[in-house]
Amino acid sequence: MAKQELPSVAWGRMTPSTRAIVAELILHGPLARAELARRLSLSPASLTKLTRPLVAEGLLSEQGARPLAETGRPALPLEVAPGRVQVIGVKLNPDNLFAVRTDLQAHVLEEYECKLERHDPASVGEAIGVAVTFLDPLRRVERVGVSLAASIRPGDQVVREAPYMGWSQVPLAEAVAQRTGCRAVLVNDVRALTVAQHWFGAGRQSRCFAVLTVGKGVGCGLVVNNAVVTGYDGHAGLVSHSPVNPGGPLCRQGHRGCASAYLTSGSIVRTLAATDGFRGATFEDALEEAREGNRAAVRVFRDACFALGVLAANIANMIGPDRIVVSGEGVGMYDVAPEAVDEGISRHLHWNASPFDLDVEPFAFSEWARGAASVAVQSLVYGEQADS
Ligand SMILES: [Zn+2]
């Protein structure tokens, strides 16, 4: 394997002040040195001292500067050198694997997708190795983030439980590191998506917001006081089976009228299959029929949208967000009955609650992988403690 021309960035030797500079430039750069110093409460002399090694190793550059620019040029804004450091994000599903290579600002540079024929950890580790080699044949990336629907605590090297994969106590980080030669960070998929929204997406201006995902499951990620909520043991935001309507349909766990009974793609298809006139077999079929005006399909999606509104209101009552981002592969349901979402919110939002924006994001499967890449970026910038 050919090696990169520049040495690896010395992340491990960075001080908290240096890391803060890098983070500020990732999030808000390019910034003039004076502005950067002001934002971080550093003196100009300290800033110069702290940034000099970062410029020397190529992590930071002066925007618009030519590589061999002469001294004496006017001060140019500092930025994270485009493409200098890259990471890979991988999203594992039971059926397939999505991966992206991104820069430190989570711009997607290349995508990869393959089917997962087998779920045993060795085969999945092998598939991740193939994906990383495809996206990074020169082994330039500095970290790999891997996300999946699983119980994972910040810093975990082992996937504790991943029911969709049939996994329990799988040492995935080590398997990935062995096959790629690159350190891996494991993260719950919804939390990874939340990190991406927090740093690079609709939540970047918010200190308190939530991400609500609908699709095969129902997921919720929370950011409170500018920090992603993980819970003391990695479990937070478990709203998927919270009650919506005690007279509603049953979910697979046997709850009557819980959020999952209305919102998951499987529940929607099951409910619709029990009605007359539905000939489809998938969530996409159901959505298509609703768009074409099939009354039973419209009713099922209307109920789902109402449940989405109830869930959003309950989250808002709990954390007081200024924004709730709705995403996931089932997000297309919103357009069937947006007024039902509003009705669910208005009926269940506490009268003292502050209003919030509902931000419905168009969804691509690569967004999950981009979330994993965002976690890899945070893990580089903030070190071990940021592995959320
Ligand atoms: Zn349930």
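How much area does the protein expose, and what share of it do carbon and sulfur atoms supply? I started my notebook with that one. I looked it up and noted about 17900 Å² exposed, with 52% of it supplied by carbon and sulfur atoms. A reminder to myself before going on: this is a predicted model.

**Entry: the whole chain**

I went through the secondary structure next and found 12 helices and 14 strands in the protein. Then I checked the radius of gyration, which is 23 Å. The globule rule gives 21 Å for 388 residues, and the two values are close, so I wrote the protein down as being as compact as a globular protein of that length. For the extent of the C-alpha trace, I noted about 75 × 50 × 40 Å along the principal axes.

I also asked myself what percentage of the 388 residues count as buried. The entry reads 53%. Turning to contacts, I took those with a separation of 6 or more and found that 63% of them join residues 24 or more positions apart.

**Entry: the domains**

Where do the domain bounds fall? I copied down domain 1 as 13–67 + 75–80, domain 2 as 86–194 + 367–386, and domain 3 as 206–360. I then looked at how domain 2 and domain 3 sit relative to each other. Their centres, taken over C-alpha atoms, are separated by 27 Å. Where they meet, 12 residues of domain 2 are in contact with 19 residues of domain 3.

**Entry: the zinc site**

Which residues coordinate the zinc ion? I found two histidines, His-241 and His-255, each through ND1, and two cysteines, Cys-251 and Cys-258, each through SG. The distances run from 2.0 to 2.3 Å. Along the chain, these donors follow the spacing H-x9-C-x3-H-x2-C.

I checked the geometry as well: the angles among the four donor atoms are 98 to 131°, and the site is tetrahedral. For comparison I jotted down that the ideal angle for four tetrahedral donors is 109.5 degrees. Last for this site, I looked at the cover on the cysteines, and both Cys-251 and Cys-258 are buried.

**Entry: one threonine**

I picked Thr-180 for a closer look and found it in helix α5, which covers residues 172–180. Is Thr-180 buried or exposed? Thr-180 counts as buried because its relative accessibility is 6%, and the cut-off for buried is under 20%. Leaving out residues up to four places away in sequence, I listed what Thr-180 touches: Gly-129, Val-132 and Arg-139.

Notes. Residues numbered from 1 in each chain as written. Predicted model: local features only at pLDDT ≥ 70, side-chain atom pairs only at ≥ 80, totals over all residues. Heavy atoms only, no water. Helix = DSSP H or I, 4+ residues; strand = E, 2+ residues; numbered from the N terminus. Buried < 20%, exposed > 50% of the residue type's maximum accessible area, 1.4 Å probe, protein only. Contact = heavy atoms within 4.5 Å. Donors = N, O, S within 2.8 Å, 3.2 Å for Na, K, Ca; no water. Tetrahedral: all angles 85-135°; square planar, octahedral: opposite > 155°, others 65-115°. Rg over C-alpha atoms; globule rule 2.2 N^0.38 Å. Areas by Shrake-Rupley, 256 points an atom, 1.4 Å probe, with all protein chains shown as cover. Domains from an automatic or database assignment.
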